[in-house]
Amino acid sequence: MERLRGSPRAGLFFDFDGTLAEIVPRPQLAQPHPRAAAALARLVPRYALVAVVSGRPTEEVRRLLGVPGVEVVGLYGLGGRADRAALPAEVREAVAEAVAAVPGAWVEDKGPSLAVHFRGAPDPSVAERALRERLGDLAAARGLLLLPGKMVLELAPPDTPGKGAVVEEAARARGLTACLYAGDDLADLHAFAALDRLRARGLLTAKVAVRSPEAPDGLLEAADLTVEGQEGLAELLEELAGEP
């Protein structure tokens with residue numbers, strides 16, 4: 001980490017929910033950790049790139065984060081495609097029907113993708129099994145991706161780049177010599193895999209897992225460094241900003 005600190009050609013990439021902000025019952029209630037947000041603002045002028053890569057829509061993350069200079073890539077890389085059409089009406093109707101059969105589940109409409117949340121279900125594990133079956137069949141029939149996360153299943157277009165592709169493309173386009181990625185969920189494993197590929201090509205990399213009761217074991221095992229929640233990540237960001 002010391003070698004990466006202050007590197008002028010380093011890129012710092014972060015997930016949002018569960019990483020910079022706590023997981024909350026409804027996405028609109030999320031707020032970035034105040035120390036983390038303040039540290040991000042100080043990191044922007046010190047590094048070649050400071051970015052958030054999220055499953056949320058791009059503008060939503062920008063509004064919630066409120067830190068000028070941080071680049072945001074939303075919808076797993078689809079966020080920059082202004083002409084991306086919403087999923088067909090028949091898919092939306094089928095998802096609504098599946099969700100109606102699972103108490104406590106609800107649909108977040110992101111336009112090009114649909115996220116089905118079940119954190120509020122009486123028994124989330126039962127809800128997940130039911131939704132996986134219904135949404136998995138729908139995804140297979142329609143050629144869509146089914147992306148799992150913390151108490152959420154998301155239907156997305158088959159050409160969704162994913163967090164790993166976003167990180168690799170940014171590293172190539174910016175000529176980065178070092179990359180750090182911090183995340184807390186299954187989708188972040190794709191970014192970790194991208195850092196492994198970049199490391200094999202000679203870049204300095206650091207994979208940071210943000211620990212929580214819901215963090216997947218595979219992410220923690222793949223990480224170079226684990227921090228304890230948003231408070232731990234804020235401490236790391238302050239260290240990267242050169243603060244005592």
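1. Helices and strands are taken here as DSSP runs, a helix having at least four residues and a strand at least two, and they are numbered from the N terminus. In these terms, Tyr-76 lies in the loop between strand 3 (71-73) and helix 3. The structure under discussion is a predicted model.

2. The backbone at Tyr-76 deserves attention. Most residues other than glycine have a negative phi. Tyr-76 is not a glycine, yet its phi is positive, at about 55°. Is Tyr-76 buried or exposed? Buried means under 20% relative accessible area, and Tyr-76, at 15% relative accessibility, therefore counts as buried.

3. The next point concerns a sheet. Four strands form an open sheet in the order 4-5-7-6, with antiparallel pairing. Strand 4 (106-109) and strand 6 (145-149) stand at its edges; each has a single partner strand, so one side of each is left without a neighbour in the sheet. On average, and with direction ignored, neighbouring strands of this sheet are turned by 20° against each other. In general, strands of a sheet pair through backbone hydrogen bonds, in either a parallel or an antiparallel manner.

4. Strand 4 and strand 5 (residues 114-117) run antiparallel and are joined by four bridges. Within this pairing, Asp-109 has Leu-114 of strand 5 as its bridge partner, and Val-107 stands opposite Val-116 in strand 5. The two strands form a hairpin with four residues between them. In the turn of this hairpin, Gly-111 has a positive phi of about 90°.

5. Strand 5 also pairs with strand 7, in the antiparallel sense and over four bridges. Leu-114 has Leu-155 of strand 7 as its bridge partner, while Val-116 has Leu-153. Leu-114 thus appears in two pairings, with Asp-109 as described above and with Leu-155 in strand 7.

6. Strand 6 and strand 7 pair in the antiparallel sense over five bridges. Here the bridge partner of Pro-148 is Leu-153 of strand 7. The two strands form a hairpin with two residues between them.

7. Met-151 is found in the loop between strand 6 and strand 7. What is unusual about its phi? Met-151 has a positive phi of about 60° although it is not a glycine. Its relative accessible area is 23%, which makes Met-151 partly exposed.

8. The burial of the strands may be read residue by residue. In a regular strand the side chains alternate between the two faces of the sheet. Strand 5 has both faces covered: Leu-114 and Val-116 on one side are buried, as are Ala-115 and His-117 on the other. Strand 7 is mostly covered, with five of its five residues buried. Val-152, Glu-154 and Ala-156 point one way from strand 7, and Leu-153 and Leu-155 point the other way.

9. The axes of helix 3 (residues 89-100) and helix 4 (residues 124-142) come within 10 Å and cross at roughly 165°. Helix 3 is therefore roughly antiparallel to helix 4, since angles over 145 degrees count as roughly antiparallel. The crossing is right-handed. Helix 3 contributes Glu-90, Val-91, Ala-94, Val-95, Ala-98 and Val-99 to the contact, and helix 4 contributes Leu-131, Arg-134, Leu-135, Leu-138 and Arg-142. These residues divide into eight nonpolar, no polar and three charged.

10. Which strands does helix 4 touch? Helix 4 packs on the sheet and touches strand 5, strand 6 and strand 7 (152-156). The direction of helix 4 makes about 5° with that of strand 7.

11. A second helix contact joins helix 5 (residues 163-174) and helix 6 (residues 188-200), whose axes come within 7 Å and cross at roughly 35°. The crossing of helix 5 and helix 6 is right-handed. From helix 5, Lys-163, Gly-164, Val-167, Glu-168 and Ala-171 take part; they meet Asp-188, His-190, Ala-191, Ala-194, Leu-195, Arg-197 and Leu-198 of helix 6. The residues of this contact comprise six nonpolar, two polar and four charged.

12. The final point concerns Glu-235, which is found in helix 8 (residues 229-240). With a relative accessible area of 45%, Glu-235 is partly exposed. Glu-235 and Ala-39 are 196 residues apart along the chain, and their C-alpha atoms are separated by 8.8 Å.

Conventions
Residues numbered from 1 in each chain as written. Predicted model: local features only at pLDDT ≥ 70, side-chain atom pairs only at ≥ 80, totals over all residues. Heavy atoms only, no water. Axes fitted to C-alpha atoms, helices over the stretch in contact; angles between N-to-C directions. Parallel < 35°, antiparallel > 145°, perpendicular 65-115°, else oblique. Left-handed = near helix turned anticlockwise from the far one by under 90°. Contact = heavy atoms within 4.5 Å. Nonpolar A, V, L, I, M, F, W, Y, C, P; charged D, E, K, R; others polar. Pairing = 2+ DSSP bridges. Buried < 20%, exposed > 50% of the residue type's maximum accessible area, 1.4 Å probe, protein only.
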